[in-house]
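Visitor: Could you take me closely through a single part of this model, a pair of neighbouring strands and the sheet to which they belong? Please set that part in the context of the chain afterwards.

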Amino acid sequence: MRRRDLLLAAAAPAPVARLRVKETAGLARINEPVSININGEQQTFFVTIGARQTRTFRLEQVTSCETLQVAQTDLVGFTVENSAFKADHSKQLLNNAEEDSGTLRALTYKPADVTLRRTPNRMHWAPSFQRPGVRAYTSIAQWTPV
């Protein structure tokens, strides 16, 4: 979602919190996470919306049944988990060098107890850079600090 707005609509006797969401990429979304700040605290809601559609939701309509568990694993790395998946973005050691880019290194599908990973590299390595005349390249996984 590109644009997220929290609107407070007057209702008796107190304001009713509403979330106005506009889908701008032309893709229908099902249970798409939308993060907003409410009273200085970030909250994530899950919305279903059609392509190029704008909808206004009451907050009680979009509160997720299941929360995402996010755990910081190191300075940059983290895991994101729910009952079906666990995404591992933690650091790793490769050739005795620490890689701490926070890019995806493993995805576990819990119902089948299957973990997808690409070794020794990460699943999504991110952009690589090579200066003209240099034989080796680097990627953001090797930036210290990121």
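Guide: Strand E11, residues 106–109, pairs with E12 in the antiparallel sense over four bridges, where strands are DSSP runs (E, at least two residues; helices are H or I, at least four) numbered from the N terminus, and two strands pair if DSSP finds at least two bridges between them. This is a predicted model, in which local features need pLDDT of at least 70 and side-chain atom pairs count only at pLDDT 80 or more, while totals for chains, interfaces and linings use all residues. Residues are numbered from 1 along each chain as its sequence is written, and side-chain values use heavy atoms, with hydrogens and water left out.

Within this pairing, Leu-107 has Leu-116 of E12 as its bridge partner. The two strands, E11 and E12, form a hairpin with four residues between them, and Asp-113, which lies in the turn, has a positive phi of about 50°.

The hairpin belongs to an open sheet of five strands, whose order is E6-E7-E8-E11-E12 with antiparallel pairing. Strand E6 (69–72) and strand E12 (114–117) are its edge strands, each pairing on one side only. On average, neighbouring strands of this sheet are turned by 15° against each other, direction ignored, with axes taken as lines fitted to C-alpha atoms (for helices over the stretch in contact) and angles running from 0 to 180 degrees between N-to-C directions. In a regular strand the side chains alternate between the two faces of the sheet.

As for the chain as a whole, its secondary structure comes to one helix and 14 strands. Buried residues (under 20% relative accessible area with a 1.4 Å probe, protein chains only; exposed is over 50%, partly exposed in between) make up 26% of the 146 residues. Of the contacts (heavy atoms within 4.5 Å) with a separation of 6 or more, 32% are between residues 24 or more positions apart.

Confidence should be weighed as well: the pLDDT, the predictor's confidence in each residue from 0 to 100, averages 75 over the protein chain, and 73% of the residues score at least 70. Over residues 1–14 the pLDDT is below 50, although this stretch has 34 contacts in the model beyond near neighbours in sequence. Where pLDDT is low, the predicted coordinates should not be read in detail.
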